[in-house]
Amino acid sequence: VDDGQAKAAAGGEEEEGGVIVMGGGSSDPKEELLMQPKESLQDAFMKFKKERQLQRKLTKKNKELSRPTTVAEKEALRNRFVEVCKGYLGVPYHRKYHQDPSDPDHDAPLFLDCCGLVRRAMLDLKEEFGFIIGTWNQAYQFETLPTELTFEQLKPGDLVFCEGVYYDQKLKPQKHNMVHVEVFTGGESGEETIGSRYAKSIPEEGKVRGVQMHKSYRYTSRKYEVIRFHFRSLETWLNGVCKSNTYPDAVTQAVINCGGKSIFERDQDAEDAETEEEVFVPNPHGPSPVFYVGEGNNWQAVASVLEERGWRRLPFDAGFSTRYDLKWVESKCKIDYLSHVEGQLTNHIPNNDVITSKVQFLETVRQYEAASGTPFTWHPESYCSSRPGEKLAAIAAAEASPDAVWILKPSRGNGGKGIQIVRGAAVLKQWLFPEAVQHTKAETNEDNAQADATDTSTTLPDAADAHQHRALAGGEGWVVQRYLERPLLLKGRKFDLRAYCLIARTNPHIWLFHPGYCKVSLENYSEDIHDRFAHITNACQQKTHPKYKESRGQHIWSLHQAEEALIEEGQRSEPVGTFWPPLHQEMKRCLAWLYEASRGKLERRAGYFDLLGVDFMLDDSCGLHLLEVNSNPAIWFDSSAVLKELVPRLLAHSMDTVLAAQAPNQSTLGAGVPLLGDFELIADEAQNFVFGKEA
C-alpha cells in the first residue's frame, strides 16, 4: 500500500525545488552527477530507454525473491499447497451434473473436477511457486512432474495419478491413460488423499460428490479399469519448474511476458554485461554524502532534512544512477537492487510486500500462526478474493451472520480507491462471483425493494460493476474483512489511528514504534454504509468532500485533541495523558508479533531500511484492531497544523536513527542505537530483545 502516491494524486500542493549544483571540476563520480548539462532529445530518449530496461530487471529480481530456496521454505510451501486444496472441500464436481434447478448445487459459484482442484490451488499460489500452470488436464500435470516415487517415499502434497482404460471403447483414451489425479495427505490411514473423485453422490455406496477427503488413494470405477497408481513428487514444481513433454506449453512466469523484444530490450544483454570502470564505495557517514530523492510525496521535506545535515542532492534525472549514498523514492521498483552495494541506504526493503500487501500480510500472519501456535488477535476476520476457496469461506461466514457488514479492500490499493462496503451474503456473493448469481439479481433486488424501499445496503450490483471493481482490485484481488461496525467515535465521527514503524536496519533487525495522529471523518457516523465520507477515513477520500475547503485540517487530529474530546463527551473520566500510553503498549505488542512473523521473510542486507505507516482502529470498548501496513506513508503536511509539526520531526529522527543503526560499528551494538524523539524500541535482534517478552 502506497498512500504517499495516493496523496499526490489527490492534489497535494508541491513547491518548486532546486538541485544543489557544485562548482568547479572534480574526479568524484558522484560530484559529476551533480553537474548536469542540458541534454539533447536523443540523450533524453536513451536515458528513458535505460530506465525502462532497469525496471524490467527489477521486476524479474523481485519475483525471484518470492520463490522458495531453502528446504524449510519448500516444506512450508508444500504444506501451504495442501491447505489451499483443503480450502475447496465440498466444492461440487461439474456444473453439467447439476442442471436441475431443485438441485442444491445448481447455483454453486464454483465447480472443480480432479485436475481442476490441482490447477486451482496452483493458480492460487502462482506467486509463491513462480509460474502459471497450464490449462490442460491431469495427463499434462503428470508430464510436468517427472520424478516417480515409491509409496513409502510419498509426502503430503505429492500427487497420486491413476492410469486406467475405459470400458466403453468408443470413449477416446486419455493421454498416457491418465484418468484421475488426487493430492496425497497421508492422514490417520497413511493413504489419505484429497481430490474431486465422484461427479454425483451415491449415499448407499458411500460416495460423496466433488472435493472430499478420501481414506485411501485406492478405489474402483464403473467407467474404467484401474491399471496402476503413479506417485509423483511435487519437488519439480517447488523448484519453480513446470514443463511438459508433448503439450504446446503455455506455462509462463507469474508475470506474463507478451513475447518479442521492444526497443527497450534489444541491447539488454550487452548493457547487462557492461561494468563500471571504477568500483563505487558508498559512505553515508563520510563528509558531504550524496543522496537521491524521487519526485512526489513531499520530497522537499526529505531533502530538507538531509541538506540540513550536509548532504548533497542528485538531480531528478539521475534516478538511473547507482552512485549514491542514500536513495529515497516512493516505490521500490525505482531501486536497482541488483546493483545495490552493501552500505548504500535505500528506503524500501525489496520484499516488504510480505507485510504491506494486504493479501501477503494475511499469508505471513497465517503461516506464523500455524508455525508458532500463537494467534494474531489484532486483525479482523479476513479472506482473500483471489482464492475461490476463501471466497466460499467468506460467503459461508456471511450466511452465518446475516446482518454483518463486510469491507472489500484492494490488496495493493491506496487512497480509498476500489473499497466496497456491503451487507449480507447475497451482495457479497455478487461481488465475489458476479457470473454465477447474475440471474438472481432482478428477483433479489425486487424483494429488497419491497422490504425497505430506502435501504440500498443489500441491493445487488450489476455484473458489469462487479467486474469493473474486481479489475481495479488488481492481480491479488481484494481482502474481504468483517467490518468493525461499533467503532469508537470522536464527537460522533469515525476515526482511525496512523502510527509508524521504522525498520532501521535488517541485518540484524531493529524495529521501532512512533505514535502518530488520528484521521477523522468529516461526516457523522451512520448506518448508511454507502456514505463514504462517514465510513472511509482515508485522507484522500475526505479531501473529495464537497465542503473540504471550509473544513480544511479538521480531518487530522492530534492524539491530545482526541483524548480531550473523549473526556469532554463523557467517554472517559481519567485525566488527560492516561488514555494513549496503554494503547501504545498494545500497538507495540502487535508490531512485535508481526516482527517475529516476518523477520525470516524480509530480505536482509546492510543499507535496507523502511519507514512504514501502520493504521489501527479502536472499537467502542477500546479494543485495538490493526487494519493495514503501508509502504511509503504520506508525508505531506500542507493541509494540517498537526502534521506540519509532526512530520518534519518524524523524518529528522528517522534519518538520524537509521544513520546510527547503519553505522559500521553498529551491526553488533544494537543497544547503542539512540531512541530519538518519540521512538520506542519494538525489537533489537542483536540483543535478542522483543517487546513484551522477557529476556
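Q: Two strands pair if DSSP finds at least two bridges between them, and strands (E, at least two residues) and helices (H or I, at least four) are DSSP runs numbered from the N terminus. How do you know that strand 16 and strand 17 (residues 509-520) are paired, and in which sense do they run?
A: Ten bridges join strand 16 to strand 17, and the two run antiparallel, so the pairing rule is met. One bridge matches F495 with V520 in strand 17, and a hairpin of two residues links the two strands. Before going on: this is a predicted model, where local features need pLDDT of at least 70, side-chain atom pairs count only at pLDDT 80 or more, and totals for chains, interfaces and linings use all residues. Residues are numbered from 1 along each chain as its sequence is written, and side-chain values use heavy atoms, leaving out hydrogens and water.

Q: What else pairs with strand 16, starting with strand 15 (residues 489-490)?
A: Strand 15 pairs with strand 16 in the antiparallel sense over two bridges, and L490 stands opposite R493. These two strands form a hairpin with two residues between them, and K491 in the turn has a positive phi of about 50 degrees. Strand 19 (residues 610-618) also pairs antiparallel with strand 16, over seven bridges, with F616 as the partner of L497.

Q: Why is strand 16 (residues 493-506) called largely enclosed by the rest of the structure?
A: Buried means under 20% relative accessible area, exposed over 50%, and partly exposed in between (1.4 Å probe, protein chains only). In strand 16, 14 of the 14 residues come out buried, so the label fits.

Q: What makes Y217 and F229 an edge-to-face pair?
A: Rings of Phe, Tyr and Trp (its six-membered ring) pair if their centres lie within 6.5 Å; planes under 30 degrees apart are stacked, over 60 edge-to-face, and the rest tilted. The search of the whole structure finds 26 aromatic pairs. For Y217 and F229, the centres are 5.2 Å apart and the planes sit at 80 degrees, so edge-to-face it is. Y217 is in the loop between strand 5 (210-214) and strand 6 (224-232), F229 is in strand 6, and the pair therefore ties together parts twelve residues apart in sequence. Y217 is buried at 9% relative accessibility, and F229 is buried at 17%.

Q: How do you know that Y368 and W593 are edge-to-face, too?
A: Their ring centres are 5.0 Å apart, with 85 degrees between the planes. Y368 lies in helix 12 (residues 358-372) and W593 in helix 21 (residues 580-598), so this pair ties together parts 225 residues apart in sequence. W593 is buried, at 7%.

Q: Why are C333 and C622 called partly exposed?
A: C333 has 34% relative accessibility and C622 has 31%, so both fall between the two cut-offs. As for disulfides (cysteine sulfur atoms within 2.5 Å), the whole structure has zero.

Q: What makes a set of residues a nonpolar core, and which members of the largest one touch the most others?
A: A core is a set of buried Ala, Val, Leu, Ile, Met, Phe, Trp, Tyr and Cys residues joined through side-chain atoms within 4.5 Å. The largest has 56 residues, with L497, W511, C518, W580, F616 and L618 touching the most other members. Helix 21 gives the largest share, ten residues.
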